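Okay, thanks for coming, everyone. I'll put the structure up and then walk through a few spots I'd like you to look at.

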Amino acid sequence: MIAVLGAAVALVAGPLTAQTAQAAPAAAPPLVYVAMGDSFAAGSLVLPAKEVLTCARSAVNYASLIARQLAPAKFRDVTCGAAQTTHFANPQPGIVLGTAAPQYDALSADTTLVTVGIGGNDIGLVGLAVSCVNLLPQGLGKSCKAANTAGGVDKLAQKIDAFAPTYGTVIEEIRARAPQAKILMVGYPTGIKKGGCWPVVPVWGMDADYLQSALTRLNVRMAEQAAAHGATYVDLATPSVGHDMCKSAGTRWIEGLIPSVTTNGLVPLHPNAAGLRNAVPTVLAAAGLAAPTKA
């Protein structure tokens, strides 16, 4: 009788065991991380640098800090100062020397995570900021807002809207080369507070608001394209409110026209070390990842 019961149990357990084995989820593939983008993503000239003459790439940009925490099987950081989206598919002349390979070349079929921060150079964001500088009080110089909205047409807004579909093209090209990858489109941080802070940052209040509105518009278009093409938008603008270039050295995450050695940010109008560091938790949360806990 016992033998019969044992045989019955074996017959039942066998199929259940087989079903359980079939239902067991496959192991997650190794983390292979590729970071792409411009100087905001590269952390240009935030020290220490891991490459200076071609791309001015920081060893403590947000991608490198994320890689330190997650310890991916492979990490390829091809972010590059002055990059435009055209440099994703084509070589980029070095800032001082050399040539950077097309950023798409870093992608592979086993890539599982891609971060992308791009677009500011495509629309001439830094040039706009420089054109907004006024050392004289309001009314004694030229307004960049007035220049860009003459005749009731916002030329910069039109340029941003025309550029927007390029984000979709970038996402689809990444997906074609890295079909397993989670794609994070990383937005730009808040640059300057409402009304500005002339003369600390010598941009008139109306022009400060215009400059920030352009940055916000670019972020909105990036988010729209990310949603339309199945990527994830990473909002750095919200957590950086209150840390703009008008703030003191101990508070700001982005530098003004005169960068400060004390904040470890040597490029005007760009993130400093604190800005890069504080982007990390936001990017990780968007990726649905967390650093391994220490035993």
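Let's start at Pro-48, which sits in the loop between helix 2 (39-42) and strand 2. Keep in mind that this is a predicted model. Now, what kind of peptide bond joins Leu-47 and Pro-48? A cis one, with omega at about 0°.

Stay in that loop for a second, since Leu-45 is found between helix 2 and strand 2 as well. Leu-45 isn't a glycine, yet its phi is positive, about 60°. As for cover, Leu-45 has 33% relative accessibility, so we call it partly exposed.

There's a second cis proline to show you. Going from Trp-198 to Pro-199, the peptide bond is cis, and omega is near 5°. You'll find Pro-199 in the loop between strand 8 (182-186) and helix 9 (205-228).

Back to strand 2, and the loop that runs from there to strand 3. Ala-56 is in that loop, and here's another residue other than glycine with a positive phi, this one near 50°. Buried or exposed, what would you say for Ala-56? Buried: the relative accessible area of Ala-56 is 7%, and the cut-off for buried is under 20%. Val-52 lies in the loop between strand 2 (49-51) and strand 3 (57-58) too. Val-52 comes out as partly exposed, because its relative accessibility is 44%, and partly exposed means between the 20% and 50% cut-offs.

That brings me to the surface. Which residues make up the nonpolar patch there? We've already met some of them: Leu-45, Leu-47 and Val-52 are among the members. Add Leu-53, then Ile-95, Val-96 and Leu-97, and finally Val-261 and Leu-266. Together they present about 800 Å² of accessible area.

Okay, charges next. As a reminder, side chains of opposite charge can pair when their charged atoms come close. How many salt bridges does the structure hold? The count is 9, and I'll go through a few.

Take Lys-74 and Asp-110, whose side chains meet at 2.9 Å, N to O. This pair ties together distant parts of the chain, with the two residues 36 apart. Lys-74 is in strand 4 (residues 74-77), while Asp-110 is in the loop between strand 6 (99-100) and strand 7 (113-117). Both ends are partly exposed, Lys-74 at 40% relative accessibility and Asp-110 with a relative accessible area of 29%.

Helix 8 shows another arrangement. Glu-172 and Arg-175 both lie in this helix (residues 165-177), 3 residues apart, about one turn. They form a salt bridge, with the closest N and O atoms 3.4 Å apart. Glu-172 is partly exposed at 37% relative accessible area, and Arg-175 is partly exposed at 27%.

Also in helix 8, Glu-173 and Arg-177 are 4 residues apart, again about one turn of the helix. Their closest N and O atoms are 2.7 Å apart, and that's a salt bridge as well. Glu-173, with a relative accessible area of 28%, is partly exposed, and so is Arg-177 at 33% relative accessibility.

Last stop: which residues do shared salt-bridge partners join into one network? Those are Asp-161, Arg-217, Arg-221 and Glu-224. Have a look at them on the screen, and I'm happy to take questions.

Key
Residues numbered from 1 in each chain as written. Predicted model: local features only at pLDDT ≥ 70, side-chain atom pairs only at ≥ 80, totals over all residues. Heavy atoms only, no water. Patch = residues over 30% accessible without salt bridge, like charges linked within 9 Å, V, L, I, M, F, W, Y side chains within 5 Å. Areas by Shrake-Rupley, 256 points an atom, 1.4 Å probe, with all protein chains shown as cover. Salt bridge = Lys/Arg side-chain N within 4 Å of Asp/Glu carboxyl O. Buried < 20%, exposed > 50% of the residue type's maximum accessible area, 1.4 Å probe, protein only.
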